[in-house]
Amino acid sequence: PTDVLRSAAQWQGAVAEARRLRLPLHRDQPKNWDALGAVGAVLALGGRGGALPRRVMDAGSARYSSVLPWLRLYGVGDQEGDLLGINLEFAAPVHRDGVTFRRGDVTATGLTAGSLDALTCMSVIEHGVPLRGFLAECARVRRPGGVLCVSTDYDQDPPDTTGVTAYGTAVRIFGPDDIRAFIADAARVGLELVGGEPDFAHTERPVHWKRTGLDYTFI
């Protein structure tokens, strides 16, 4: 449940597994690795008493994101609004294939406390998200025993991103100390890391962001 993408072979294996499961692929192929991991974690950890999770929110979602549509294919979210993707860039709500996409702030969702079985946040927190506010809000809306799955851009020795921007904010690639600080901040709001601290090392930088020319990986 907690891991680093260590090689291109790993994300290629995730693509092959998604195809085997007949899941529609994420268009950015390495992102199938963390999407598949998040869906697996939500299905394994987000339910109650062996049942499927019902209400899941994808924070900072994009309409091409894989997590919520994949969960729907596994039978999660049988009522409108159970699967919710929020993003400050969204305008009027859109309902598509059992998923509702609407405008929302990941630090102030407006949802009822304890109302979600699971939350996911895929490659979002590196884009200027106030991390403590985000974690506090996730802890507030997550039901007791619910799960939060986060992925982010990562490198054991992060490249210099000075002056590099995307989506209106400075580009950030997390290093091991950044991840340890994030885990510590999560613990302060009552979130417990599942699986323990990962081995932060990786043999390759299997992710290339063409817009910025940066090579790194995911965690």
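**Close-up 1. The largest nonpolar core of the predicted model.** This core holds 27 residues, and the members that touch the most others in it are Met-57, Ile-125 and Phe-134. At least two core residues come from each of the strands β1 (56-59), β2 (83-87) and β5 (116-122), and likewise from each of the helices α4 (131-141) and α5 (176-188). The most generous contributor is α4, which gives six residues to this core. In soluble globular proteins, nonpolar side chains tend to be buried together.

**Close-up 2. The surroundings of Met-57.** When residues up to four places away in sequence are left out of the count, Met-57 touches Leu-84 and Ile-86, together with Thr-109, Leu-111, Leu-116, Ala-118, Leu-119 and Thr-120. Apart from the largest core lies another one, made up of 21 residues, among them Leu-23, Val-39, Phe-101 and Cys-149.

**Close-up 3. Cys-138 and its closest cysteine sulfur.** The closest cysteine sulfur to that of Cys-138 belongs to Cys-121 and lies 6.8 Å away, and because a disulfide requires the two sulfur atoms to be within 2.5 Å, this separation is too far for a bond. Cys-138 is buried, its relative accessible area being 3%. A search of the whole structure likewise finds zero disulfides.

**Close-up 4. Cys-149, a cysteine in no disulfide.** For Cys-149, the nearest cysteine sulfur is again that of Cys-121, at a distance of 11 Å. Cys-149 is buried, with a relative accessible area of 9%, and it is among the members of the core of 21 residues.

Terms used
Residues numbered from 1 in each chain as written. Predicted model: local features only at pLDDT ≥ 70, side-chain atom pairs only at ≥ 80, totals over all residues. Heavy atoms only, no water. Buried < 20%, exposed > 50% of the residue type's maximum accessible area, 1.4 Å probe, protein only. Core = buried A, V, L, I, M, F, W, Y, C linked by side-chain atoms within 4.5 Å. Helix = DSSP H or I, 4+ residues; strand = E, 2+ residues; numbered from the N terminus. Contact = heavy atoms within 4.5 Å.
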